[in-house]
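Visitor: Before we look at details, could you show me how to read the features of a model like this one, giving the general idea and then the case at hand?

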Amino acid sequence: MQLAGKTALITGAAGGIGSAIARRFAQAGARLCLADLDRDAAQRVLEELQLQSDRAIALAMDVASEEQVTQAVDQAAAALGGIDVLVSNAGVQHLEAIADVSYADWRRIVSVHLDGGFLVTRACLRHMRAQGRGGSVLLMGSVHSHEASVLKGPYVVAKHGLAGLCRVVAKEGAAYGVRANLICPGFVRTPLVERQIPQLAQERGISERQVVQEVMLATTVDGEFTTVQDVAEVALFLAAFPSNALTGQSIVVSHGWHMV
Ligand code: NAD
């Protein structure tokens, strides 16, 4: 029960990776706030976990809305006794070359990841600082925090930006015992990735099987997808780490696609 007595707020908690982290944190004894654009889907994750209402809530939150983020984080802290762990995980993807992408799509992708990462981190840091018991900020980066791929310009840029946010929060948060780390998964077979497979097949004029084998998994050591459970284990390890020794780091979980 590494997270017994801790409250964790997870954004994008209804999705593949977010819901797996919720399941793992629940097993580890955490109180949970599951936040998502789709509150009903977050509520279904909670119902599946069968947690009592004093241990878990589901909230609607668009991470790119300052007002919604502030309100939801304050509500979660009031209902669950503060915030000890943030998993800033909400994310979207858009496949188009830089030369073609519209400014609106650029802004939308960058805003969910970067504005969203900033807004939820700021709101949670304010609670962590006031509580005086430290905390752990986990930002969901990607191998694309370190590598570029074609057709993913806004996503790659935003995920690189999160590495900077992580390092700044690690430095500033140290004054009040908050550490910050970036989780960088390779391809994980969630809805976000399932949607890309037919799109990439069409863009590149290859089969969906080739997209998986020759694009997504070609440079892994074993041709395997990373799983949502793999990412959840890394999140638990980072959330529960007992000191500020592990801060400002980027942990890549990608079957060796990217080696640091
Ligand atoms: P997913 O599509 O299964 O889940 C994403 C969740 O985010 C959804 O529940 C969605 O409703 C929510 N969301 C989207 N926009 C939001 C917003 N504005 N406010 C609040 N919630 C919002 O995707 P996933 O694969 O679980 O992705 C989760 C995170 O992991 C993302 O940040 C993604 O970039 C990152 N990631 C995924 C992979 C992968 O291969 N799946 C790899 C590396 C990083």
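Guide: What follows goes from the whole chain to a helix, the ligand site and a few single residues. This is a predicted model, in which local features need pLDDT of at least 70 and side-chain atom pairs count only at pLDDT 80 or more, while totals for chains, interfaces and linings use all residues. Residues are numbered from 1 along each chain as its sequence is written, and side-chain values use heavy atoms, with hydrogens and water left out.

Visitor: How many helices and strands does the chain have, and what is its radius of gyration?

Guide: Helices (H or I, at least four residues) and strands (E, at least two) are DSSP runs numbered from the N terminus, and the chain has 9 helices and 7 strands. The radius of gyration is taken over C-alpha atoms and set against a globule rule of 2.2 Å times the number of residues to the power 0.38. For 260 residues a compact globule would come near 18 Å, and the chain agrees, with 18 Å; its C-alpha trace spans about 55 × 35 × 35 Å along the principal axes.

Visitor: What share of the residues is buried?

Guide: Buried means under 20% relative accessible area, exposed over 50% and partly exposed in between, with a 1.4 Å probe and protein chains only; by that scale, buried residues make up 52% of the 260 in the chain. For contacts, meaning heavy atoms within 4.5 Å, 71% of those between residues at least 6 apart in sequence join residues at least 24 apart.

Visitor: Which residues of helix 9 are buried, and against what do they pack?

Guide: An α-helix has 3.6 residues a turn, so residues three or four places apart point the same way. Helix 9 covers residues 228–240 and reaches 18 Å from its first C-alpha to its last, close to the 18 Å expected at 1.5 Å a residue, where the expected span is 1.5 Å times one less than the number of residues. Its buried residues are Val228, Val231, Ala232, Val234, Ala235, Leu236, Leu238 and Ala239, and they pack against helix 1 (16–27) and strands 4 (85–88), 5 (135–140), 6 (178–185) and 7 (249–253).

Visitor: Which residues are closest to the ligand?

Guide: A residue counts as near the ligand if one of its heavy atoms lies within 4 Å of it; 30 residues surround the ligand, and the closest are Asp36, Asn89, Tyr155, Val188 and Thr190. Polar contacts are pairs of N or O atoms within 3.5 Å; within protein, one must be able to donate a hydrogen and the other to accept it, and residues adjacent in sequence count only if both atoms are side-chain atoms. An N or O atom in the side chain of threonine 190 is 2.5 Å from a ligand oxygen, and a backbone N or O atom of isoleucine 17 lies 2.8 Å from an oxygen atom of the ligand.

Visitor: Where does histidine 144 lie, and is this residue buried or exposed?

Guide: Histidine 144 lies in the loop between strand 5 and helix 5 and is buried, with a relative accessible area of 2%. Its side chain makes a polar contact of 2.7 Å with that of serine 149. Leaving aside neighbours within four places in sequence, the contacts of histidine 144 include Tyr155 and Trp257.

Visitor: What is the phi of leucine 151?

Guide: Leucine 151 has a positive phi of about 70° although it is not a glycine, and this residue is buried, with a relative accessible area of 16%.
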